[in-house]
Amino acid sequence: MIIGVPREIKDHEARVGVTPAGAKALIEAGHTVLVETNAGAQSGFPDHEYQDAGAEIVGEAGHVWGTAETVVKVKEPVEKEYVYFREGLVLFTYLHLAPLPTLTDALLKSKVIGIAYETVRDRANTLPLLTPMSEVAGRMSVQVGATYLEKERGGRGILLGGVPGVPPANVCIIGGGIVGTNAAKIAVGMGAHVTLVDMNLNRLRELDDIFGGRVHTLASNSYNVGHATREADLVIGGVLIPGATAPKIVTRSMVSRMKKGSVIVDVAIDQGGCVETARPTSHSDPSYVVDGVVHYCVTNMPGAVPHTSTLGLTNATFPYLMRLANLGAEAALKQDAGLAEGLNVFKGTLTHQGVAESQGREWTAPVSVLA
């Protein structure tokens with residue numbers, strides 16, 4: 001199989017879909033790997049490392065897209081890349097289609113086979129390709145929040161961990177999944193007062209055990225969320241419904257009652273955000289203010305630490321990529337029901353329920369289109 005690795009062109013996105021180690025393994029398995037010039041440079045993988053691994057360095061993105069049978073990326077294609085879509089092309093990347101009807105239209109019209117990292121499932125029914133970036137984003141969210149609490153960034157001028165005689169910041173984390181758990185680890189480590197909100201009581205019990213009571217757990221309802229956000233200096237949104245638009249847990253009225261200079265970091269923004277006042281931002285223009293509250297809603301947060309993120313992501317994605325290359329996409333999807341859960345679009349048909357419900361479209365189950 002010919003596998004293409006284009007350079008990411010989303011704003012300040014420096015990750016890459018395949019490392020030199022991955023390229024070497026694919027080539028040893030008999031495949032061809034085309035890498036766009038400087039695709040891995042900002043992640044710490046210069047072109048010569050890919051060449052040493054046996055990959056071909058290509059100067060034009062159009063040649064990578066046009067020649068490859070499978071294109072491996074990190075982020076969803078941006079509008080400039082839509083022209084490269086063609087029937088039968090396999091696209092393996094994060095897609096986050098729920099809030100992106102225009103991208104969905106382009107993929108369906110061109111009859112691309114789109115496999116989304118964020119909806120692939122494993123035998124334990126977890127999301128193995130979303131997990132590593134959720135870990136990075138969860139940990140980063142506290143770092144970012146601590147920075148934006150500084151006065152020069154528009155925050156209240158609060159040190160997250162406080163000092164002796166001065167109380168620490170109050171951090172409210174919405175969602176007890178991978179993002180929320182990793183955010184809590186860093187926030188606790190920095191000495192903050194942490195409240196974690198989730199609707200799953202069993203998960204709250206687990207988190208209480210994990211953190212030994214150092215995190216205050218709270219059952220999710222509008223009253224509790226409203227009270228917790230009102231007391232918070234930093235609110236981190238980490239709610240996920242796989243493939244679907246995130247529910248708006250923190251409402252506009254809740255935001256209006258938050259402290260002036262407090263900070264919201266909505267990690268769920270890739271799926272539309274779980275804060276009603278959240279809108280997507282970029283690394284070049286990361287924040288804005290609503291009702292005196294600083295909002296940080298960058299859709300590719302892990303792109304700020306590309307070396308760590310690329311290694312974490314490709315550790316998880318590579319076994320799936322190798323399977324796609326060795327078997328071909330359709331055979332691999334038929335063989336692995338968990339991989340088939342990642343199939344979002346297939347030759348003009350929408351194949352993910354969450355995306356369909358978010359956009360008001362009809363859909364067909366992957367098992368039907370692959371039969």
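**Close-up views of pockets, a cavity and a helix pair**

By class, 5 nonpolar, 3 polar and 4 charged residues make up the lining of the second largest pocket. The model shown in every view is predicted.

**View A. The second largest pocket holds about 160 Å³ of space.** Its lining takes in residues from separate parts of the numbering. K10, E76, H96, P99 and L100 are among them. The lining also includes I269, D270, G272, A278, R279, P280 and T299. The charged residues of this lining number 4.

**View B. The largest pocket has a volume of about 1000 Å³.** In total, 44 residues line the largest pocket. Which of them are closest to its centre? They are G177, I178, G238, V239 and L240. By class, the lining of the largest pocket splits into 22 nonpolar, 15 polar and 7 charged residues.

**View C. Helices and a strand help to line the largest pocket.** Four elements each supply at least two residues of this lining. They are helix 5 (131-148), helix 6 (178-189), strand 8 (193-198) and helix 7 (201-210). Which helix gives the most to the lining? Helix 5 does, with 4 residues.

**View D. Helix 1 packs with helix 10.** Helix 1 covers residues 20-28, and helix 10 covers residues 306-327. Two numbers set the scene. Packed helices are described by the angle between their axes and by the distance between the axes. For helix 1 and helix 10, the angle is about 25° and the axes are 11 Å apart. Angles under 35 degrees count as roughly parallel. Helix 1 and helix 10 are therefore roughly parallel to each other. Is their crossing left-handed or right-handed? The crossing of helix 1 and helix 10 is right-handed.

**View E. Residues of helix 1 meet residues of helix 10.** From helix 1 come G22, A25 and L26. From helix 10 come F318, L321, M322 and A325. By class, this contact has 6 nonpolar residues, 1 polar residue and no charged residues. G22 is the polar one, because Gly counts as polar.

**View F. The largest cavity has a volume of about 40 Å³.** How many cavities of 30 Å³ or more does a search of the whole structure find? The search finds 1. R7, E8, E13, A14, R15, N38, A39 and Q42 line the largest cavity. By class, this lining has 2 nonpolar, 2 polar and 4 charged residues.

Definitions and conventions
Residues numbered from 1 in each chain as written. Predicted model: local features only at pLDDT ≥ 70, side-chain atom pairs only at ≥ 80, totals over all residues. Heavy atoms only, no water. 1 Å grid on protein atoms, 1.4 Å probe; cavity = no way out; pocket = protein on both sides within 12 Å on 5 of 7 lines; lining within 4 Å. Points joined across faces, edges and corners; volume = space filled by probe spheres on them. Axes fitted to C-alpha atoms, helices over the stretch in contact; angles between N-to-C directions. Parallel < 35°, antiparallel > 145°, perpendicular 65-115°, else oblique. Left-handed = near helix turned anticlockwise from the far one by under 90°. Contact = heavy atoms within 4.5 Å.
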